Structures are given as structure tokens and as C-alpha cells.
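Let's walk through this one together, starting with the overall fold and then moving on to charges and surface patches. Have the sequence and the structure open side by side.

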Amino acid sequence: MARIQQIEELVQEAKSMPLSSSVLVNREEMLELLEAARSELPEEIKQARWVVKDREELLGKARRDADVIQQKAMTDRSRIVSQQEVVRVAKEEAERIVAEARELARQIRLEAEDYVDAKLAQFEVALEKTRGELDRSIGQVQRGRDKLRGVTNAQEEFGREEYDDEYEEQP
């Protein structure tokens with residue numbers, strides 16, 4: 001501060017130039033004062049300059065690193081979004097396929113039920129027909145046996161037990 005004060009006094013005491021605000025100073029004296037001021041600057045100021053310089057370098061490196069990290073994050077984000085889109089599309093496709101499979105299974109089940117129902121109806125008709133034929137065959141067999149035993153037509157017509165119970169011959 002003392003050196004700055006000396007420089008200030010030197011400028012104030014300097015001779016003025018006529019018709020101007022400029023002054024004449026002794027160059028040698030001024031340079032000596034400035035050099036002395038520079039050499040007397042505290043070590044902290046010199047260190048502060050280095051700190052500022054290091055700070056600027058660190059900030060530059062940090063900015064570059066941040067740009068690299070940001071670019072990588074954008075790339076990763078794009079990749080993840082793309083993967084998520086693929087997963088979403090795959091899920092939708094899977095749901096569509098499952099829905100189609102369920103519908104196809106339902107149709108097949110209904111067709112199978114219709115087929116089985118039709119076959120059961122045909123089987124029922126065949127059984128009824130067979131039952132009728134079996135009843136006729138049993139009747140024919142029974143009449144044939146009755147003839148062999150000597151059963152009369154009346155007994156045949158009204159049934160053997162009923163006829164036998166009502167018209168049983170007395171001994």
C-alpha cells in the first residue's frame with residue numbers, strides 16, 4: 001500500500017502539460033516504484049494468482065468431463081428408451097398372440113363340443129334303433145320259446161303271467 005501511495009503522490013506532484021490533463025512523470029522513478037511494488041506484493045497474492053489459474057484449469061477440465069458424462073447419459077438414455085420401446089412392443093405382441101390363442105382355443109372347444117354333441121345324437125338314434133330291434137328280437141325269441149312250450153296266442157297277447165293268473169286251470 002505504501003508503494004501505491006508513493007506512485008499516487010508522484011503523479012499528483014508531476015508537472016502538468018499546458019492545455020491538457022496529462023502530466024510529466026519521471027519514467028525511471030515510476031518504473032522503479034512499480035517494480036518495488038511488484039516485488040513487495042505479499043506471497044498470498046502470488047499464490048492467489050496460481051489458485052485462480054489452477055481453478056480455471058480445473059473448471060475447464062470439469063466442464064469437459066461434464067460434457068462427456070452428459071453425452072454418455074444421452075446415449076444411454078436413448079439406448080434405454082429404445083430397449084423400453086422394444087420391450088413394450090414385445091409385450092403388446094405377446095398379449096395379442098395370447099389373445100388370438102385363447103380365441104382359437106375357444107373356437108376349437110366349441111367346435112369339439114358341437115362335434116361330440118352331433119356324434120352323441122347319432123349314437124342315441126342308433127341306440128334307439130338298436131333297442132327297438134332288440135325288443136323285437138326278444139319278442140320273437142320269447143314267442144318262439146313259448147311255441148315250443150305250448151303257450152297259446154291269448155297268453156302271448158295278454159302276457160303269460162296275467163293270463164296264467166286269471167285263467168289258470170283248476171286241477
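What follows goes from the whole chain down to single side chains.

First, keep in mind that you're looking at a predicted model. The protein has five helices and two strands. If you trace the elements from the N terminus on, the order reads α-β-β-α-α-α-α. One element to find right away is helix α3, which covers residues 43–149; we'll come back to it several times.

Now for how the chain packs. Of the 171 residues, just 7% count as buried, where buried means under 20% relative accessible area. The protein exposes about 15,600 Å², and 56% of that area comes from carbon and sulfur atoms. Contacts give another view: take the pairs that sit at least 6 apart in sequence, and 18% of those contacts join residues at least 24 apart.

On to the charges. Side chains of opposite charge can pair when their charged atoms come close. How many salt bridges does a search of the whole structure find? The count is nine, and a few of them are worth a visit.

Start with K61 and D65, a salt bridge whose closest N and O atoms are 2.9 Å apart. Why are these two separated by about one helical turn? Both are in helix α3 and they're four residues apart, so about one turn of the helix lies between them. As for solvent, K61 counts as partly exposed because its relative accessibility is 44%, and D65 is partly exposed too, at 35%. Those values fall between the 20% and 50% cut-offs.

Further along, R88 forms a salt bridge with E92, and here the closest N and O atoms are 2.4 Å apart. R88 and E92 also lie in helix α3, with four residues, or about one turn, between their positions. R88 has 37% relative accessibility, so it's partly exposed; E92 comes in at 42% and is partly exposed as well.

Then there's R96, which forms a salt bridge with E93. The closest N and O atoms of that pair are 2.2 Å apart. This time the partners are three residues apart in helix α3, again about one turn of the helix. R96 is partly exposed, with a relative accessible area of 38%, and E93 counts as partly exposed at 35%.

Salt bridges can also link up into a network, and K72, D76 and R79 are an example of that here.

Finally, look at the surface around D117. Which residues gather with D117 in a patch of negative charge? They are E111, E113 and D114. D117 has its place in helix α3, and it counts as exposed because its relative accessibility, 53%, is over the 50% cut-off.

A nonpolar patch involves residues from the same stretch of numbering as you scroll along: Y115, V116, L120, F123 and L127 make a surface patch of about 530 Å². V116 is found in helix α3. Is V116 exposed or partly exposed? With a relative accessible area of 44%, V116 is partly exposed.

To pull helix α3 together: K61 and D65 are in it, R88 and E92 are in it, and so are R96 and E93. V116 of the nonpolar patch is found there, and D117 of the negative patch has its place there too.

Methods. Residues numbered from 1 in each chain as written. Predicted model: local features only at pLDDT ≥ 70, side-chain atom pairs only at ≥ 80, totals over all residues. Heavy atoms only, no water. Buried < 20%, exposed > 50% of the residue type's maximum accessible area, 1.4 Å probe, protein only. Contact = heavy atoms within 4.5 Å. Areas by Shrake-Rupley, 256 points an atom, 1.4 Å probe, with all protein chains shown as cover. Patch = residues over 30% accessible without salt bridge, like charges linked within 9 Å, V, L, I, M, F, W, Y side chains within 5 Å. Salt bridge = Lys/Arg side-chain N within 4 Å of Asp/Glu carboxyl O. Lys, Arg positive; Asp, Glu negative; His and termini not counted. Charge placed at Lys NZ, Arg CZ, Asp CG, Glu CD.
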